[in-house]
Amino acid sequence: MALKFLVVDDSVTMRRIVANSLKTIGHDLYVEAGDGREALSKLTTDDSINFVITDWNMPEVSGLELVKAIRSNEKFGTIPILMVTTRGLKEDIIEALAAKVNNYVVKPFTPQILKEKIEQIISAAV
Amino acid sequence: MDNNNSFENIFKKLGDLKDFFVYGQKLIPILHKILDFMHDTVPLLENVNRSIQDSTSKIPKAAMQINSITNANEIATTEILDIVDSMSLDISNMQTKLESLKSKIGEDEDLNSILSTIDKINTGVLNITISLQVQDITSQQLSSVNHLIQSIQEKLAALLIEFKEKDIHEAPEADFQFPRDGSFNADARYDKNNSSQILADSLVEETLNKASQSEIDKLFAKS
């Protein structure tokens, strides 16, 4: 099954870097959102999205709030979520894992790390 | 007898009055010094007040300048990304054509050398993209500085209110929107040694193992 990613980040540059990295590792299908609120709206309207890559620090609805909102949603509650963030402290990572992100990437990242984490999530789901 | 008592009372009162005058004489120079001190201090306090007002009115401008740095960085990064994307496309086209040429003419040392150089250029281009993530990291650090500036502005505003002067929020320059707490990470670091990623990997593995163990435990509980 082809993966369609939802790339959530308030930084236009980061959304583009994530999208470019996805293309580098062979994933061309993606949509973008500038914060958690927009991401939730896209998830509600676009059933073909089957993978979320989200930043943590965003205005309005943060990445962590987005993860919690997704996990409590009946329709798309089980969608794989990869958190890609500048937050590298132990307590942050634990908080994200407690909110049920599937994996965690600390910025700056390489396309190789992104590929590795996506594959880990997919293989765990199978 | 009554007269004696009255005189004694009068003398006592006069004694008290004398003591009061003596005390007053001692007190007057102290009062003078206090008045002199206040006289010197009031302009000083007014100066402090003016300095605070001046500094406070400059704060939104400083915050706006920091914001304009972030915006300029973002524009420059986008321009670099445009160039990098165009280079990547050219490199990819060049690789395809050279591979096609290689399949026609067979193994060729020069061609292999060119392909290897192109690979190196491609890796360089990829590394530029990775390094551009510094823009997001520095913008979060700058947002954190702006947040700090906001805290200072609030403290100074509170001081000005104590001076019963004009609230700085009424200042025309003070319409700058400071970043919200959750929209940046004050600890954002451009750290390429992967120590945070290693920590994240070990915590993720630990969590996954715990989850697997709890699933096994649930299965055994059912049987």
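User: Which residue just after helix 4 of chain A takes a positive phi?

Analyst: This is a predicted model. Just past the end of helix 4 of chain A, one residue has a phi of about 80°. That residue is Lys100(A).

User: Why do the buried residues of helix 4 of chain A line one face of the helix?

Analyst: Helix 4 of chain A covers residues 90-98, and its buried residues are Asp92(A), Ile93(A), Ala96(A) and Leu97(A). Looking down the helix axis, these buried residues line one face because they fall within an arc of 130°.

User: Which exposed residues does the face of helix 4 of chain A turned away from its buried side carry?

Analyst: A residue counts as exposed if 12 or fewer other C-beta atoms lie within 10 Å of its own. On the face turned away from the buried side of helix 4 of chain A, the exposed residues are Lys90(A), Glu91(A) and Ala98(A).

User: Which residue of helix 4 of chain A, buried there, is in contact with Met83(A)?

Analyst: Met83(A) is among the residues with the most contacts inside the largest nonpolar core, which has 38 residues. Leaving aside neighbours within four places in sequence, the contacts of Met83(A) include Trp56(A), Tyr104(A) and a buried residue of helix 4 of chain A. That residue is Ala96(A).

User: Which helix of chain B gives the largest share of the side that touches chain A?

Analyst: The contact takes 30 residues from chain B and 30 residues from chain A. On the chain B side, helix 1, helix 2, helix 3 and helix 4 each supply at least two residues. The largest share, 7 residues, comes from helix 4 of chain B.

Notes
Residues numbered from 1 in each chain as written. Chains lettered and ligands numbered in written order. Predicted model: local features only at pLDDT ≥ 70, side-chain atom pairs only at ≥ 80, totals over all residues. Contact = placed C-beta atoms within 7 Å. Buried ≥ 20, exposed ≤ 12 C-beta atoms within 10 Å, placed from the backbone. Arc of directions from axis to C-beta. Core = buried A, V, L, I, M, F, W, Y, C linked by C-beta atoms within 7 Å.
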